[in-house]
Amino acid sequence: LNENGLSVAAVRSMVPFLQNANTFLTLNIDYNNITTEGFSLMFRALRDSPIRLISVNHCGLDSIAIDDAYVPNNLRTLLLNGNKINADGCRQIAKLLQRENATLEQLRLGHNKIDDEGIEILANALRSNTSLILLNLDNNLGVTIEGMKSVLKLINDISSIKATLQSNHTLYSMTFNDSFEEADIGFKLRQVLEINWLFYKIEGGTGPDREKVILTQLDSKLRAEMCSLQGLEHSCKPLTEIGPLLLPEVLEIAGRYHGLSEFYESFRACFADLWATNNRETVLQQKKEEIAKELDALAAKRLELENQMADVNTEIAAIRQHTEVVADDGLHSSKRQRMS
């Protein structure tokens, strides 16, 4: 249906047909001025269809409106290039990405009006998303280096080993403005996207989290560069987060990739934990003592509170006794006055 001069009215007339389109897998409506209203009508009508690809490029969309209750349940690819989608539109798209059973794998948003705010909205939505593998953001001229920092942090958060492990490890293909292609941030972003791609294609999606830890956290030079790009202070603190159970793998790859200096730093950071793991009884005894101290502290606090409660009860009783005495005095005084 591309380039057929379709309008909102035309889409409205198609709604009954689309609601009963049980065999459509692809819908291409490019270069038709259906506007935001037409997109919403079409999207809602396709909720129960088997549609997998919707192409709405260059259709005059100022924004889009997504009703979470009316999302095509089998949608895999959404093409929205060449419209006027901005940060408000990104908030709506975020609903697709944050759904509990999100299915969207490819999202193309090139040549729109997305800026750093819109990029940050998309990045936040993708932190918990495990379906999207391709994102096209090229020629959104409002995107600056700050927006790219949000994307880099999404794919490889260098702030800590835990943050790196919890980064997005699904998204592996991304296009952005040409001005960033040769920039350092563009190069670093392609590096970590390639890790996602390699593990998605070769290992079935398992393992990129640990690979990122090893290749970015244990390389002091790369870690410093990544910290700078993400606006973080560079330190060697992440090395101290390495658990002893990861030590054999960490040391083997650190020595292979990063040389003896990083090898030594990794070993030194883990040595204390490794020793404790080998002496499990000592570790458990220490834990027992810590728990006992906490219980003692809680017992002392309970005693203190019980004493406070006793003091409060004593004061309440004294007030009530005083009130009764005053009432009795008043009653006797009234009787004496009547007798006189």
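**Exercise 1. A pair within one helix**

Asp184 and Lys188 both belong to helix H8, where they stand four residues apart, about one turn of the helix. The model in which this pair is found is a predicted one. Find how close the nearest N and O atoms of Asp184 and Lys188 come, and decide for each residue whether it is buried, partly exposed or exposed.

*Solution.* Begin with the general principle that side chains of opposite charge can pair when their charged atoms come close. For Asp184 and Lys188 the closest N and O atoms are 2.8 Å apart, and the two residues form a salt bridge, since the criterion asks for a separation within 4 Å. Next, take the accessibilities one by one. Asp184 has a relative accessible area of 38% and is therefore partly exposed, whereas Lys188, at 4%, counts as buried, because buried means under 20%.

**Exercise 2. A second pair, and a network**

Work out where Glu225 and Lys221 lie, and which residues are joined with them into one network by salt bridges that share partners.

*Solution.* The first step is the contact itself: Glu225 and Lys221 form a salt bridge whose closest N and O atoms are 2.7 Å apart. The second step is exposure, where Glu225 is partly exposed at 25% relative accessibility, while Lys221, with a relative accessible area of 58%, is exposed. The third step is location, and here both residues are placed in helix H10, four residues apart, about one turn of the helix. Finally, salt bridges with shared partners join Asp184, Lys188, Lys221 and Glu225 into one network.

**Exercise 3. A salt bridge between separate elements**

State how many salt bridges a search of the whole structure finds, and explain why the pair Arg44 and Asp67 ties together parts that are apart in sequence.

*Solution.* The search of the whole structure finds twelve salt bridges. One of them joins Arg44 to Asp67, with 2.9 Å between the closest N and O atoms. Because Arg44 sits in helix H2 and Asp67 in the loop between E2 and E3, this pair ties together parts that are 23 residues apart in sequence. Both partners have intermediate accessibility: Arg44 is partly exposed, with a relative accessible area of 38%, and Asp67 is partly exposed as well, at 34%.

**Exercise 4. The largest pocket**

Determine the volume of the largest pocket, the elements that give two or more residues to its lining, and the chemical character of that lining.

*Solution.* The largest pocket has a volume of about 150 Å³. The elements giving two or more residues to its lining are helix H8 (184-202), helix H9 (208-217) and helix H10 (220-229). Of these, H8 supplies the largest share, seven residues. The lining includes Lys188, Leu198, Glu211 and Met226, and divides into seven nonpolar, two polar and three charged residues. Lys188 thus appears twice in these exercises, as a lining residue of the largest pocket and as the salt-bridge partner of Asp184.

**Exercise 5. Enclosed space**

Find how many cavities of 30 Å³ or more the whole structure holds, and describe the lining of the largest cavity.

*Solution.* Three cavities of 30 Å³ or more are found, and the largest cavity holds about 50 Å³ of space. Among the residues that line the largest cavity are Val71, Pro72, Arg99 and Thr103. Sorted by character, the lining of the largest cavity consists of six nonpolar residues, one polar and one charged.

**Exercise 6. A nonpolar surface patch**

Identify the residues that form a nonpolar patch on the surface, and give their accessible area together.

*Solution.* The patch is formed by Trp197, Leu198 and Ile202, which together have about 290 Å² of accessible area. Ile202 has its place in helix H8 and is exposed, its relative accessible area being 60%. Leu198, a member of this patch, also belongs to the lining of the largest pocket.

**Exercise 7. Backbone angles with positive phi**

Locate Tyr31 and His58 in the chain, and give the phi value of each residue.

*Solution.* As background, most residues other than glycine have a negative phi. Tyr31, although not a glycine, has a positive phi of about 55°; Tyr31 is found in the loop between strand E1 (26-28) and helix H2 (35-45), and is partly exposed at 47% relative accessibility. His58 likewise has a positive phi, near 55°, and lies in the loop between strand E2 (53-55) and strand E3 (77-79), where His58 counts as partly exposed at 34%.

Note on methods: Residues numbered from 1 in each chain as written. Predicted model: local features only at pLDDT ≥ 70, side-chain atom pairs only at ≥ 80, totals over all residues. Heavy atoms only, no water. 1 Å grid on protein atoms, 1.4 Å probe; cavity = no way out; pocket = protein on both sides within 12 Å on 5 of 7 lines; lining within 4 Å. Points joined across faces, edges and corners; volume = space filled by probe spheres on them. Nonpolar A, V, L, I, M, F, W, Y, C, P; charged D, E, K, R; others polar. Patch = residues over 30% accessible without salt bridge, like charges linked within 9 Å, V, L, I, M, F, W, Y side chains within 5 Å. Areas by Shrake-Rupley, 256 points an atom, 1.4 Å probe, with all protein chains shown as cover. Salt bridge = Lys/Arg side-chain N within 4 Å of Asp/Glu carboxyl O. Buried < 20%, exposed > 50% of the residue type's maximum accessible area, 1.4 Å probe, protein only.
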